[in-house]
Amino acid sequence: MTPFGLRVRALRKGRHITLKQMAADLDISAAYLSALEHGHRGRPSWSLVEQICVYFNIIWDDAEELQRLASLSHPKVTLDTSGLSPTATEYANLMAREIRNLPKARLEEMLNYLKEIAPPRR
């Protein structure tokens with residue numbers, strides 16, 4: 001599941017809306033919406049994120065947060081380490097190989113560190 005998928009599912013379930021109903025209301029297939037929620041599809045388009053914001057009456061900071069989550073929700077990530085140190089390349093390759101084996105607590109620790117050092121994007 002992706003951060004975007006988790007948030008959309010929480011919004012949907014919090015309002016007691018079925019996946020099938022939401023998909024019909026947004027004029028998309030239930031299979032596509034399910035794939036987005038489960039992280040089996042790439043990040044959604046900006047227009048779909050806007051539709052979802054309107055659907056749930058999400059505005060301002062919450063809408064920006066949903067867009068941010070969408071931008072961070074591509075389930076198949078490619079890291080380009082060309083021009084970086086051998087250490088960066090080794091790290092990226094080991095991360096790709098071992099991410100499934102990392103304990104949740106360690107992943108959260110690493111994510112929090114990256115969030116601390118990453119400049120906010122707008």
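Which residues in helix H2 (residues 19–26) are buried? Keep that one in mind as you go through the views below. The model shown here is a predicted one.

**View 1. The whole chain is built from helices.**
Start by getting your bearings: the protein chain has seven helices and zero strands. Follow the sequence from start to end and the pattern reads α-α-α-α-α-α-α. The C-alpha trace spans about 50 × 30 × 30 Å along its principal axes. Out of 122 residues, 25% count as buried. Now look at the contacts in the chain with a separation of 6 or more: 57% of them come from residues 24 or more positions apart.

**View 2. Helix H2 has a buried side and a face turned away from it.**
Here's what the opening question was after: Leu19, Met22, Ala23 and Leu26 are the buried residues of H2. Around the helix axis they cover an arc of only 100°, so they sit on the same side of H2. What do these buried residues pack against? Their partners are helix H1 (3–14), helix H3 (30–38) and helix H4 (46–55). Turn to the face pointing away from the buried side, and you'll find Lys20 and Ala24, which are exposed. Just after H2 comes Asp27, with a positive phi of about 60°.

**View 3. H2 packs against H3.**
Zoom in on this pair and you'll see axes 8 Å apart, with a packing angle of about 115°. That angle makes H2 roughly perpendicular to H3. The crossing of the two helices is right-handed. On the H2 side, the contact is made by Leu19, Lys20, Met22 and Ala23, and on the H3 side by Ala30, Leu33, Ser34 and Glu37. Sort the residues of this contact by class and you get five nonpolar, one polar and two charged. Two of the names should ring a bell from View 2: Leu19 and Met22 are among the buried residues of H2.

**View 4. H1 meets H3.**
H3 has another partner to look at, because H1 and H3 come within 6 Å, axis to axis, and cross at roughly 120°. That makes H1 oblique to H3. Who touches whom here, in H1 and H3? From H1 come Gly5, Leu6, Val8, Arg9 and Arg12, and they meet Leu33, Leu36, Glu37 and His38 in H3. The class count for this contact is four nonpolar, two polar and three charged residues. Leu33 and Glu37 of H3 also showed up in the contact with H2.

**View 5. H1 packs against H5.**
Stay with H1, but look at its contact with helix H5 (residues 60–71): the axes are 7 Å apart and the angle is about 140°. That makes H1 oblique to H5. On one side you have Pro3, Phe4, Arg7 and Val8 of H1, and on the other Leu66, Leu69 and Ala70 of H5. This contact has six nonpolar residues, no polar ones and one charged. Val8 is also one of the H1 residues that meet H3.

**View 6. The loop between H1 and H2 holds His16 and Ile17.**
These sequence neighbours make a nice pair to look at. His16 lies in the loop between H1 and H2, and Ile17 does too. Which of the two is buried, and which is exposed? His16 is exposed, with a relative accessible area of 73%. Ile17 is buried, because its relative accessible area is 18% and the cut-off for buried is under 20%. Setting aside neighbours within four places in sequence, Ile17 is in contact with Arg12, Met22, Tyr55 and Phe56. As for the backbone, His16 has a phi near 55°, which is a positive value in a residue other than glycine.

**View 7. Asn57 sits in the loop between H4 and H5.**
Move along to the loop between H4 and H5 and you'll find Asn57. Asn57 isn't a glycine, yet its phi is positive, at about 55°. Is Asn57 buried or exposed? Asn57 is exposed, with a relative accessible area of 63%.

**View 8. Val77 lies in the loop between H5 and H6.**
The last stop is Val77, in the loop between H5 and helix H6 (86–98). With 64% relative accessibility, Val77 counts as exposed. Find Gly42 as well: it is 35 residues from Val77 in sequence, and 9.7 Å away in space, C-alpha to C-alpha.

Terms used. Residues are numbered from 1 along each chain as its sequence is written. This is a predicted model: local features need pLDDT of at least 70, side-chain atom pairs count only at pLDDT 80 or more; totals for chains, interfaces and linings use all residues. Side-chain values use heavy atoms; hydrogens and water are left out. Buried means under 20% relative accessible area, exposed over 50%, partly exposed in between (1.4 Å probe, protein chains only). Helices (H or I, at least four residues) and strands (E, at least two) are DSSP runs, numbered from the N terminus. The arc is that of the directions from the helix axis to the C-beta atoms. Contact means heavy atoms within 4.5 Å. Axes are lines fitted to C-alpha atoms, for helices over the stretch in contact, and angles run from 0 to 180 degrees between N-to-C directions. Angles under 35 degrees count as roughly parallel, over 145 as roughly antiparallel, 65 to 115 as roughly perpendicular and the rest as oblique. A crossing is left-handed if the near helix is turned anticlockwise from the far one by less than a right angle, and right-handed if clockwise. Ala, Val, Leu, Ile, Met, Phe, Trp, Tyr, Cys and Pro count as nonpolar, Asp, Glu, Lys and Arg as charged, and the others, Gly among them, as polar.
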